Amino acid sequence: MKASPISNPVRAAWRRVVLGLAACLVPSTLGTAAEGPKDPLWSVAPLVRPAVPPSSRPNPIDAFVDARLAREGLQAAPEADRATLVRRLSFDLGGLPPTPEEVDAFVRDTDPLAYERLVDRLLASPRHGERWARHWLDVVHFGESHGYDKDKPRPNAWPYRDYVIRAFNEDRPWARFIQEQVAGDVLFPGTRDGIEGLGFIAAGPWDFIGHAEVPESKIDGQVARHLDRDDMVGNTVQSFDSLTVQCAQCHNHKFDPISQEDYYALQAVFAAVDRTDFKYDLDPAVAGRRAALAKRRSDARKRGAELAAAIAARAGEPLKEAEKSVAAAEKQAPGSEAAGYHTQIEPRADVAKWVQVDLGKPVALSRIVLHPCHDDFNGIGDGFGFPVRYKIEVSDDPGFAAGTTVVVDRTAADVPNPRVAAVEAACGGRTARHVRVTATRLVARQNDYIFALAELEALDASGANAARGGAVTALDSIEAGPRWQTKNLTDGWYPGVRGDGLDLAAAKRKRDGLLAAATRDDERAEQARIERELADVTAAEALLPAQRVAYVGAVHHGSGAFVGTGSKGGQPRLIRILDRGNVQKPGREVGPGALHALAFEPARFAIDPAAGEGARRAALARWLSDPRNPLTWRSAVNRVWQYHFGRGIVETPNDFGHMGMRPTHPELLDWLAVEFRDNGQSLKRLHRLMVTSAAYRRSTRGDAAAERMDSDNRLLWRQNRRKLEAEAVRDSILMVAGRLDLRMGGPSFQDFVVEKPEHSPHYEYHLHDPEDPASQRRSVYRFIVRSQPQPFLSVMDCADPSMLVGRRNESVSPLQALALLNNALVLSMSRHWAERLEALPGTVESRLDRAGLEALGRPLSAEERVSLSAYARRHGMPNACRVLFNLNEFAFVD
Amino acid sequence: MNPGSPFHRLSRLPQPPVSRREFLWRSGGGLGGVALAGLLASDRLLAAGNPSRHPAPVFRPKAKRVIQLFMGGAASHLDLFDYKPELVKRDGQKSDFGEHVEAFQDGLGPWMKPVWDFHPHGQCGKPLSEVVADLGAVADEMAFVHNLVGQTGVHSQATYLQATGFQLPGFPGVGCWASYGLGSENENLPAFVVLPDHRGFASNGPKNWDSAFLPPQHAGTVVQLGRPNPIADLFPARGGKYVTPASESEAHALMAALNHGHAASRADDARLDARIRSYELAARMQLAAPEVLDISREPNHILDLYGIDSSTRTWPAEINAAEEMDAFGRKCLVARRLVERGVRYVQIWSGNDNGFPRRNWDSHEDIRRDHGPLARGFARGASALIRDLRQRGLLEDTVILWTTEFGRMPSSQGGKGRDHNPYVFTNWMAGGGIRGGTTVGESDEWGYKPRDRNKPTTVHDIHATLLHLLGFDHEKLTFRHNGIDRRLTDVSGEVIRGLLA
């Protein structure tokens, strides 16, 4: 064991801190935790279906709510008017305002079941899944960049977002929804949702440097991985079971029946997985063929390795010496840190960019050789930045104005990417001092375009490279040394270069000679067979449909510092109880398991050690989704209730422990939980049940007597008026302006410009143009950056993807007012809306009537019409539209 | 109710909410103007109305406001403030720490003496590096802590730790806690203002001053000096040419009229009135913010004091001291103007991310190249700020706190640079309630670890001290989130008595 870098005495300062996660404090002065830790915890008691109180109301929800109101002597508010109801329902179920036509149709509909039909229509709309997916993404802290330093994008995180939307639109039973997210690959093999659901495990933040630049052998690396599992455990238990299990990291939970061992047993469930890009096939048949090919490859490689070992053993000591010489020669090659030359980043492809090398004197050239780059940015890898169209010219004029010869012209048609193969152009002995490469069509990088090149060689008749070390100039350059700088173009290093000197070639010749001498003929034949087999496998793989990639929690097959457990066949890391959460104080080993407080199953999973890591997650998934797990069902119905009523039956949706709130309607909560669990676990059925209740349909209007008794409306004598969430505000603005693009799914739109992507990308929101139609989609499809949250939505309280958000903050602030007044999106959408209105026949007044219906779901009053039209006449319709977007009534739903 | 039910302990009516403040905040029911806490003067009422939660201020506050200078990338204590004669003596000799050292990279080369000479300053005789000699004029105001320890040498986690008290995302910045505890003195300006490095954000970006689970009003408001809109959306964006002064003032009147009409039949919902008021405050902020950010009317001797060079707007491509002085000086001067007008917490950043070319303190390659200009820049501005506050009588109740991520190694990396040193580093404070001219806690002879390894100082001690100066018991300034009473100092932290005047 190595000595600790921060020695124990120094660490002692952190004796009660260690990982900065230990703050599970005694509520010293509050006295609001009604019970001490020894009292039984209400939320873990088994679920028993309570009897429905007698009631004249058809909906059992009302029987429970009304019985309570009657006991307290509270008078319920009357039902809201129909225009209010259709607006309320449209936002709750779909996240968008109703169109004037929808309002009108519902207000006039005399069918006694008109309300129910409206509910069914809204639940059947794809907008519903988008709306409710956003709620769930809050809960599981889904984001599309890592957070921390080097906040790199996760270009393949979106499949999880689409999975959630799909699951809600298809009304996935809740147990299956849980299982797909925790262990879909094991429990539903061969299904798309079984893979894409695993994005749940990977949803949260991840320390790139702590993983990718610090190996697990270092303490900082262990801390990073410990924090990573902690995030997975916290996300799982808080999202599905509403307990703050992370409090048991350093000690047994101070208030709730969660032991420190429970906590590490949960860590053991995730001990083999990391956050990783996972490749998969949608078609199980293709996946089968690919697996068979992979088996053939590994078999062939194994045979090859055995053969090589036998030959090496025979060659003995001289071969070992020769290998050492080769390794030493290879080391002399310049480092791969100098990746190459890289232009500035452009928003479009058709921009010409040139880079050129001064050979120092005119040289009779035989060939120009271009070496492409390799960069893993956005998963691109080989051929990074190689232009789609380009030309190579030589000239004695550094300005290329005169005496220019075009050596290669590939500007007429797109060129396939060469990967890292050298691209050669014959020059026929033409003499010139300057060589210029001009890209006429840049290559896609992310949602932008670049040109990059690792090396340019200008070879004379003898094969000597006259460009080596030559001065490089370019139209522009990103200049982010040492990785990207103009001088890298002539530094002699490119992917695949084997060093400069002849030493390497000589060393290799010697080694290869020794190997050849030690190889028998039958072995040679076998080697050839293996080579053929490997080539066949590669060829067959190339014919398979391309694999999809999703960022999920899975066994990672990595290299460098971030190895993952792939190299060990996915064997879980050993999990030990850490004293005070300190990775340097490991204690007893713990196997996978869950919480001992729920007695329906043993708290430690009985898993065949040979079963593989997936069995651990499958066991947890089953435990979470078990009908006997009372937390799961209470938690789910409480979350749904909260989004319909503005407050949960348990007001702390993420904490059903002693420090959380108690249910206001405990029997109702249990009745809903059992009803939900035992009747298909259909969320849509649950929504229908809730929104058709009289409690839901009540007016939000005040009542002096009721307010005196229950000013917070905890007993639901009226409906709660709700302030629209950030996404609903943005989506409504786009929709009312006539600009909302309802295209579903796929990669997220980006409402920022990325600058300086090499280290921690700068996500520049203020440079984004809201006129870009690609960004006019629903907010659920927005690319969510962790370190630099979207300012407009953040100021309106959208969820922070670094926190588990069971319930959003709701605030009112001058900064919010400024955003709604002056943000580029609002200003541009006000103008679009105005243009649309002005194209309508009629008068300013009639157009504003239409505007009122679109924005507020009701006709303007005479007084409003007069003042708004006077304003519009004086200052133009765009200003009037901007005023409407800023009204309280636009931002609140009665 | 069934007495056998697990809920039988429930009282007849639902129990009061966990945190009245939190509950009121979130539900918005019956809250009144306090929904604007942090930006409304009435914020104090909220704290006062919740005494069980905030017996605040507990102590007589020594200070009313804080200006924090945060050096992104990890500034070297050895080359700026923590003089080590032993390193001068052993310069170039093979380093020997007497124990295994886990370096972040491989910076365990020979011992390396400070890149600049040190000279004593002030009556206290504190040795300061030549590169921060400008601070000599205020050496007797400064109190140093040379035995701070971190938890990790990873930039991001270390930045989080210093900025929020926790080494992972999801926790409020220290300024958010100050705003949450103190409220605002000027409703026309945010209580917590952040002046980032003009080249970009340091590690973690705005997450370092995010309000996290605290009410969002307490988030740091970013001011980007030099941008057309220094505060996001302060004025209409490019696409808003149709907005004119006349249309704007009438728009406010029209909105108020329409909103009052809407609120009339919803009189019990205080959020609606609060939102009407937020538009009035927004309009006032549009007047107040440009005024406070405009330094053009500052006299020349003040501009000179801060090292602001208005004669040029173009700078060499290479990092240079004049440009750093100008940039940092502007932020310091604006910080003074902000606190003069009642802003509670100003955080000034020096250095952007850890990329290339280096424009922060992460000098793995060359201390002289990066630390030189950056240190000259911040030292000029910080010295000017302290002197300027002093001459205006503001220093006595304004705390200056100089922070960085961690320190740098006494051994060299590649001959001219230094690797990360999370095992010991320096902070200093000045101003309200601070005993100037002192040093509390020393590092060992190399500046490798604390001299007394059993008694290091942690960021939680610094934060506890800061809150103490502002009048709070750091253990009592809490906010319940997801079942946990969170505080800035997690579960530790002791007020550093030796720093107090």
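Trainee: Of the 894 residues of chain A, what percentage count as buried?

Mentor: Please bear in mind that this is a predicted model. A residue is judged buried by its neighbours, with 20 or more other C-beta atoms within 10 Å of its own. In chain A, 54% of the 894 residues count as buried.

Trainee: What radius of gyration does chain A have, and how should that value be read?

Mentor: The value is read against that of a compact globule, which for 894 residues would be near 29 Å. Chain A has 33 Å, which agrees. Along its principal axes, the C-alpha trace of chain A spans about 100 × 75 × 55 Å.

Trainee: How many helices and strands does chain A have, and into which domains is the chain divided?

Mentor: Chain A has 30 helices and 21 strands. Its domains include domain 4 (341-491) and domain 5 (726-893), each given as one segment. Domain 1, by contrast, is given as two segments, 42-124 and 628-720. The C-alpha centres of domain 1 and domain 3 of chain A lie 67 Å apart.

Trainee: Among contacts in chain A between residues at least 6 apart in sequence, what share joins residues at least 24 apart?

Mentor: That share is 74% in chain A.

Trainee: How many residues does each chain bring to the contact between chain A and chain B?

Mentor: Chain A contributes 111 residues and chain B contributes 107. On the side of chain A that touches chain B, the elements giving two or more residues include helix 1 (8-11), helix 11 (219-241) and helix 25 (814-822). Helix 25 of chain A gives the most, with eight residues. By residue type, this side of chain A divides into 50 nonpolar, 35 polar and 26 charged.

Trainee: Is strand 7 of chain B mostly covered or uncovered?

Mentor: One counts the buried residues along the strand. Strand 7 of chain B, residues 345-350, is mostly covered, with six of its six residues buried. B:Tyr345, B:Gln347 and B:Trp349 point one way from this strand, while B:Val346, B:Ile348 and B:Ser350 point the other way.

Trainee: Which strands pair with strand 7 of chain B, and in what sense?

Mentor: One looks for bridges between strands. Strand 1 (residues 65-71) of chain B runs parallel to strand 7 of chain B and is joined to it by six bridges. Within this pairing, B:Val66 stands opposite B:Tyr345. Strand 5 (residues 192-195) of chain B also pairs with strand 7 of chain B in the parallel sense, over four bridges. There, B:Val193 has B:Val346 as its bridge partner.

Terms used
Residues are numbered from 1 along each chain as its sequence is written. Chains are lettered from A and ligands numbered from 1 in the order in which they are written. This is a predicted model: local features need pLDDT of at least 70, side-chain atom pairs count only at pLDDT 80 or more; totals for chains, interfaces and linings use all residues. Two residues are in contact if their C-beta atoms, placed from the backbone, lie within 7 Å. Ala, Val, Leu, Ile, Met, Phe, Trp, Tyr, Cys and Pro count as nonpolar, Asp, Glu, Lys and Arg as charged, and the others, Gly among them, as polar. A residue is buried if 20 or more other C-beta atoms lie within 10 Å of its own, exposed if 12 or fewer, and partly exposed in between; C-beta atoms are placed from the backbone. Two strands pair if DSSP finds at least two bridges between them. Domain bounds come from an automatic or database domain assignment. The radius of gyration is taken over C-alpha atoms; the globule rule is 2.2 Å times the number of residues to the power 0.38.
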